[in-house]
Amino acid sequence: MTHEREQLWQQHITQWQASGLSGMAYCKQQSLTYCRFVYWRKKLTHGGAG
């Protein structure tokens with residue numbers, strides 16, 4: 001895992017939280033894969049635990 005990728009996804013998670021959109025809607029808007037979004041959201045918001 002690269003630090004740059006982690007930073008990129010952290011930015012996406014922050015922007016998503018500020019957007020007020022559902023995860024699926026945010027991913028469609030940003031042309032992201034929803035399953036990757038869910039993976040990184042869990043990893044970054046729960047400190048990688050669980």
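Start with the cysteines and look for disulfides: across this whole predicted model, a search turns up zero of them. A disulfide is a covalent bond between the sulfur atoms of two cysteines. Why is there no such bond at Cys27? Select Cys27 and Cys35 and draw a distance between their sulfurs. Cys35 holds the closest cysteine sulfur to that of Cys27, but the gap is 9.0 Å, too far for a bond. A disulfide would need the two sulfur atoms within 2.5 Å.

Stay with this pair and switch on a surface. Is Cys27 buried or exposed? Cys27 counts as buried, because its relative accessibility is 2%. Now click over to Cys35. With a relative accessible area of 55%, Cys35 is exposed.

Next, show the surroundings of Cys27. Skip its neighbours within four places in sequence, and you'll find Cys27 in contact with Leu32, Thr33, Tyr34 and Phe37.

**Into the core**

Cys27 also belongs to a bigger group, so pick that next, because the largest nonpolar core counts Cys27 among its residues. Which residues make up the largest nonpolar core? Select Trp9, Ile13, Trp16, Tyr26, Cys27, Phe37, Val38, Trp40 and Leu44, nine residues in total. Colour the helices and you can see where they come from: α1 (3-19), α2 (23-30) and α3 (34-45) are the elements that give two or more residues to this core. The biggest share is from α3, which gives four residues.

**Where two helices meet**

Hide everything but α1 and α2. Two packed helices are described by the angle between their axes and the distance between the axes. Here the axes of α1 and α2 come within 10 Å and cross at roughly 120°. Turn the view until one helix lies in front of the other: the crossing is right-handed.

Now light up the contact itself. On the α1 side, select His12, Gln15, Trp16 and Ser19; on the α2 side, select Gly23, Tyr26 and Gln30. Colour this set by residue type, and you get two nonpolar, five polar and no charged residues.

One of these deserves a closer look. Zoom in on His12, which sits in helix α1. Its relative accessibility is 11%, so His12 counts as buried. Which residues does His12 touch, not counting those up to four places away in sequence? Show Tyr26, Gln30 and Leu32, and you have them. Leu32 may ring a bell, as it is also in contact with Cys27.

**Hopping along the chain**

For the last stretch, go to Gln10, also in helix α1. Gln10 is partly exposed, because its relative accessibility is 34%. From there, jump to Gly20. Gln10 and Gly20 are 10 residues apart in sequence, and their C-alpha atoms are 16 Å apart in space.

Gly20 lies in the loop between α1 and α2. At 68% relative accessibility, Gly20 counts as exposed.

One more hop takes you to Ser31. How far apart in space are Gly20 and Ser31, C-alpha to C-alpha? Draw the line and you'll read 17 Å, with their positions 11 residues apart in sequence numbering. Ser31 has its place in the loop between α2 and α3, and a relative accessible area of 67% makes Ser31 exposed. Before you leave, check the backbone of Ser31: phi is near 60°, a positive value in a residue other than glycine.

Definitions and conventions: Residues are numbered from 1 along each chain as its sequence is written. This is a predicted model: local features need pLDDT of at least 70, side-chain atom pairs count only at pLDDT 80 or more; totals for chains, interfaces and linings use all residues. Side-chain values use heavy atoms; hydrogens and water are left out. A nonpolar core is a set of buried Ala, Val, Leu, Ile, Met, Phe, Trp, Tyr and Cys residues joined through side-chain atoms within 4.5 Å. Buried means under 20% relative accessible area, exposed over 50%, partly exposed in between (1.4 Å probe, protein chains only). Contact means heavy atoms within 4.5 Å. Axes are lines fitted to C-alpha atoms, for helices over the stretch in contact, and angles run from 0 to 180 degrees between N-to-C directions. A crossing is left-handed if the near helix is turned anticlockwise from the far one by less than a right angle, and right-handed if clockwise. Ala, Val, Leu, Ile, Met, Phe, Trp, Tyr, Cys and Pro count as nonpolar, Asp, Glu, Lys and Arg as charged, and the others, Gly among them, as polar.
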